[in-house]
Number of protein chains: 2
Amino acid sequence: MRIAVLGVGLIGGSIGLAARRRADAQVCGYDPDEQVLAKALSIGAIDSAASDIDSAVKDADVVFVAAPVGALAETVRQALAAAGRDCVVSDVGSTKRMLAEAGADERFIGGHPLAGAETSGVEHAREDLFEGAVWYLTPAPNSTGVLYERLHRLLTTIGARPAAIDAETHDRLLAAVSHLPHVLANVLAGQAASTLGGAGERRVPAVGPSFRDATRVAGANSAIWTDIYTSNRDALIPAIDAFAAALGEVRAMLAAGDAQAVTAWNDSARRDRDELLGAGLTGGPVGELRASVPNRPGVIAEIALALGRAGVNILDMALSPSEDNRQGVVALWIGGDEHLQRAEQLIGELGFPVARA
Amino acid sequence: MRIAVLGVGLIGGSIGLAARRRADAQVCGYDPDEQVLAKALSIGAIDSAASDIDSAVKDADVVFVAAPVGALAETVRQALAAAGRDCVVSDVGSTKRMLAEAGADERFIGGHPLAGAETSGVEHAREDLFEGAVWYLTPAPNSTGVLYERLHRLLTTIGARPAAIDAETHDRLLAAVSHLPHVLANVLAGQAASTLGGAGERRVPAVGPSFRDATRVAGANSAIWTDIYTSNRDALIPAIDAFAAALGEVRAMLAAGDAQAVTAWNDSARRDRDELLGAGLTGGPVGELRASVPNRPGVIAEIALALGRAGVNILDMALSPSEDNRQGVVALWIGGDEHLQRAEQLIGELGFPVARA
């Protein structure tokens with residue numbers, strides 16, 4: 001099988017490595033950045049380097065366009081123009097409806113692997129990047145079945161789990177669970193800065209991890225995110241509108257002082273999150289422990305090591321240092337009541353105050 | 001010095017322990033729950049247990065009301081009625097303007113220690129709970145100076161860092177950095193549940209840690225949070241309104257497809273968060289690493305131990321398991337470029353793929 005990869009960064013390079021080693025494919029790469037292209041060749045991500053899109057795509061059975069979102073549509077267009085009649089062209093962009101025009105071509109099937117980030121560099125490419133990862137495919141009504149089947153088989157061979165979804169649903173899902181959370185984090189960071197500034201404070205008081213967690217993705221790499229925000233705005237704007245409407249309902253509950261409604265809303269948020277994150281899959285409900293620890297090197301290791309030795313798996317973990325960075329709170333999420341009890345005991349034995357949250 | 005503590009849970013019990021051991025105080029406790037009161041006595045959090053508020057407060061120099069927010073105003077009122085003329089009465093509630101009526105009494109000074117949670121139980125009380133913690137005090141214009149000074153000195157003696165702030169600013173700050181983030185987490189969880197449900201999905205696809213982080217505090221303990229939301233609604237509603245307005249501006253940028261404005265907004269959110277969380281204090285800018293790890297017990301320990309041995313301090317950490325729980329991504333925040341490089345190298349040597357985010 002001959003594969004062309006247009007754009008050989010982290011994702012494109014990993015496709016090349018995986019396809020060469022696992023699918024015994026011949027991989028030809030192209031990248032507008034010659035240094036990146038040379039690097040991809042030197043680490044074995046591609047068999048050969050092409051000097052332009054046409055020569056890369058010529059004779060290919062499968063083409064992956066792994067260009068940044070901003071250059072995606074044009075690169076896909078060029079790839080389709082250069083590709084043969086029996087060649088499937090796909091991409092790896094984070095939003096899918098923007099390629100609707102390409103979808104009119106029966107050889108195009110959009111894709112989006114849920115792995116890595118778009119621009120982290122070919123030097124981090126790995127053969128197993130897609131191992132077990134969901135890889136969304138967005139075939140259009142007129143996509144060719146035999147080409148879809150070829151792409152699907154290749155993705156399975158390199159370890160991914162392809163899942164068909166229509167482009168609109170894909171973009172709405174991603175807006176709900178990724179793009180909107182990024183927007184909220186940004187807005188919250190800006191609002192806190194102006195509220196604190198107005199009160200003459202420069203730092204967030206150590207009120208707990210909520211602000212830290214809620215703004216963790218604030219200001220994510222603009223080189224990637226400006227493209228994502230703008231290319232998915234058709235799905236993101238309705239998500240923002242729905243959020244604003246729901247926020248308005250909460251406001252009304254509060255204005256009415258309706259404690260019962262507030263409790264019901266709060267309880268339902270907990271159930272929603274638990275269900276969405278599959279909290280039930282881990283041998284029982286997930287419980288949270290909070291331990292107070294001095295903020296010094298090695299303290300996380302002590303806890304994690306004690307739990308690891310006892311066979312207790314840490315499902316999730318968050319640290320919040322105190323304002324002066326001298327101590328902090330480690331929140332740990334553990335699956336199953338027995339493991340939770342064991343973890344609480346072990347952490348207590350290490351001398352750290354610990355409580356269930 | 002004689003101290004009365006009304007409500008001997010985690011906070012009240014810790015005040016008792018710290019005041020007895022560090023300030024050589026005589027502590028009398030009262031709690032409507034007799035079992036809790038007996039427990040506080042047995043662990044040495046109080047010297048004596050009173051059967052009602054009046055006898056607890058009689059002859060006290062300082063009274064701390066550590067009742068749940070819902071019972072706070074009434075308990076403060078009773079304490080003031082029973083307290084002598086030279087007694088300072090304070091509280092530890094999360095919102096402060098609700099006690100405005102009490103503030104008319106020159107003996108009342110509101111307080112809020114940024115430590116622990118209100119209802120985690122006296123069995124977790126500790127002498128050092130307030131060590132290094134900010135303890136907001138909200139004196140009213142007519143509060144007595146000598147009583148303020150007594151309270152301030154006592155708090156310093158038990159290890160806290162008292163900071164005077166007016167009640168309105170306190171509540172606005174807490175709304176911005178704690179209460180609003182909780183509201184957003186709840187609304188986001190609910191919206192994602194309905195979007196995914198509409199698309200026939202039950203679980204959040206593994207798109208990265210943003211949704212997990214953004215909803216971490218969703219559905220926090222209703223027994224505490226319904227009171228907080230409703231008691232601070234005067235500050236929370238304007239915060240919600242400001243948030244909705246700022247969200248509207250982002251919506252407008254997106255609707256206009258204004259990529260330049262989106263980039264500027266995103267970049268400024270990053271600067272705001274870095275500054276608010278004091279990213280500059282840690283020996284250089286804070287950098288983020290992301291490592292892919294198998295999801296098994298002990299893996300966090302391996303990483304944390306290697307970094308700890310090398311003297312690299314982990315400032316913050318977040319795990320995101322993959323959808324099938326077989327592997328996951330560990331995000332690590334490290335201060336200072338030298339430590340960041342060292343951490344990247346050490347994690348790579350452990351065999352985990354790692355990249356700067």
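E74(B) has a relative accessible area of 39% and is therefore partly exposed, the buried class ending at 20% and the exposed class starting over 50%. In this predicted model, E74(B) is paired with R77(B) in a salt bridge whose closest N and O atoms are 2.8 Å apart. The partner R77(B), at 46% relative accessibility, is likewise partly exposed. Both residues belong to helix α4 (residues 69-82) of chain B, where a spacing of 3 residues, about one turn of the helix, separates R77(B) from E74(B).

Over all chains, 36 salt bridges are counted. Besides the pair within helix α4 of chain B, two pairs that join the chains are described here. In one, D213(B) and R216(A) form a salt bridge with a closest N to O distance of 3.0 Å. This contact runs from helix α8 (residues 210-214) of chain B, which holds D213(B), to the loop between α7 (210-214) and α8 (222-231) of chain A, which holds R216(A). D213(B) is classed as buried because its relative accessibility is 2%, under the 20% limit. R216(A), with a relative accessibility of 8%, is also buried.

In the other pair, D241(A) and R251(B) are joined by a salt bridge with an N to O distance of 2.6 Å. D241(A) is located in helix α9 (residues 233-255) of chain A and R251(B) in helix α10 (residues 233-255) of chain B, so the contact links two chains. Relative accessibility is 32% for D241(A), which places this residue in the partly exposed class. R251(B) falls in the partly exposed class as well, at 30%. The contact between D213(B) and R216(A) thus has a buried residue at each end, whereas that between D241(A) and R251(B) has a partly exposed residue at each end.

Salt bridges also form a network in chain A, in which R21(A), R22(A), E127(A) and E131(A) are linked.

The second largest pocket encloses about 400 Å³ of space. Its lining comprises 26 residues, and those nearest the centre of the pocket are G7(A), D31(A), A66(A), A67(A) and P68(A). Two helices of chain A, α1 (10-22) and α4 (69-82), each contribute at least two residues to the lining of this pocket. Divided by class, the lining of the second largest pocket consists of 15 nonpolar, 8 polar and 3 charged residues.

Definitions and conventions:
Residues numbered from 1 in each chain as written. Chains lettered and ligands numbered in written order. Predicted model: local features only at pLDDT ≥ 70, side-chain atom pairs only at ≥ 80, totals over all residues. Heavy atoms only, no water. Salt bridge = Lys/Arg side-chain N within 4 Å of Asp/Glu carboxyl O. Helix = DSSP H or I, 4+ residues; strand = E, 2+ residues; numbered from the N terminus. Buried < 20%, exposed > 50% of the residue type's maximum accessible area, 1.4 Å probe, protein only. 1 Å grid on protein atoms, 1.4 Å probe; cavity = no way out; pocket = protein on both sides within 12 Å on 5 of 7 lines; lining within 4 Å. Points joined across faces, edges and corners; volume = space filled by probe spheres on them. Nonpolar A, V, L, I, M, F, W, Y, C, P; charged D, E, K, R; others polar.
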